[in-house]
Amino acid sequence: MPEIRFSSNYQDLSQSTGVDAGFQFEFYCERCSDRWRTHYKPYRSGQASGWIQKGASIFGGLLGNASTVVSGMAQAGWHSARDEAFTEAIADAKAHFNRCGNCHDYVCAPCFDMANGLCFNCAPNVQVAITKARAQGEVRSAADRAGTEGESRGTRHDVRQDMQLVCPQCRAETHGAKFCPECGYKMAQQVPCTACSTMLQPGTKFCVECGHRQA
């Protein structure tokens, strides 16, 4: 058996025993993690053992002894059969993936620059980099403009007027609304001074601006 070499970007899906015994390997791109799976290759000895075991569970007797023998033979031949199947799978995988000349990762065709022999991690696509930078610049510019617009809008808010943020009746959050969104209770509203019309909190006895006594 020749020496087997490959990177670790694969998963062994093979089964050594049972009616589904067989060989199958799944490889993945080391850049984008896209998966590629080899065709299923049945392991006949393991399948035969599986069928005999099923029969033995029903009929027992000689089938039980035969199952033990066949199972032992299947296990004995498993490793060499698996190595042979893995060697074939690697040959297929190498035709499907490309190895980067710099980082030596195996990557799929969309992640590989054929002209330079490098993956796009080592040699990023120029057009992709330009588009990404342009989009990032657009976001930064829009965020700056949105901040300026927010500051402009903020100047139009009356920040001097106190607002009830919690309903005194049901304790629900009101967010400054005139009526409670939970129970409909009317929030306290400022009232004008009877003398100078300065807006005062309800219950104020004397105007804070002119000192006039309120009714």
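Visitor: Before we start, what counts as a strand here?
Guide: Strands are DSSP runs of E with at least two residues, numbered from the N terminus, and please keep in mind that this is a predicted model.

Visitor: Okay, so which residue in strand 3 does Q11 stand opposite?
Guide: Q11 stands opposite E26 in strand 3, and the two strands involved, strand 1 (residues 10-12) and strand 3 (residues 25-28), pair in the antiparallel sense over three bridges.

Visitor: And how does strand 3 pair with strand 4?
Guide: Strand 3 pairs with strand 4 (residues 35-37) in the antiparallel sense, over three bridges, and the bridge partner of Y28 in strand 4 is R35. Strand 3 and strand 4 form a hairpin with six residues between them, and in the turn S33 has a positive phi of about 70 degrees.

Visitor: Back to E26: buried or exposed?
Guide: E26 has a relative accessible area of 10%, and because buried means under 20%, this residue is classed as buried.

Visitor: What does E26 touch, then?
Guide: Leaving aside neighbours within four places in sequence, E26 is in contact with N9, Y10, Q11, L13, R35, W36 and R37. With R37 there is also a polar contact of 2.7 Å, which joins the side chains of the two residues.

Visitor: Switching topic, which residues form a nonpolar patch on the surface?
Guide: That patch is formed by M163, L165 and V166, which together have about 290 Å² of accessible area.

Visitor: Where is M163 placed?
Guide: M163 lies in the loop between helix 3 (126-154) and strand 10 (191-192).

Definitions and conventions
Residues numbered from 1 in each chain as written. Predicted model: local features only at pLDDT ≥ 70, side-chain atom pairs only at ≥ 80, totals over all residues. Heavy atoms only, no water. Pairing = 2+ DSSP bridges. Helix = DSSP H or I, 4+ residues; strand = E, 2+ residues; numbered from the N terminus. Buried < 20%, exposed > 50% of the residue type's maximum accessible area, 1.4 Å probe, protein only. Polar contact = N/O pair within 3.5 Å; in protein donor to acceptor, adjacent residues only side chain to side chain. Contact = heavy atoms within 4.5 Å. Patch = residues over 30% accessible without salt bridge, like charges linked within 9 Å, V, L, I, M, F, W, Y side chains within 5 Å. Areas by Shrake-Rupley, 256 points an atom, 1.4 Å probe, with all protein chains shown as cover. Salt bridge = Lys/Arg side-chain N within 4 Å of Asp/Glu carboxyl O.
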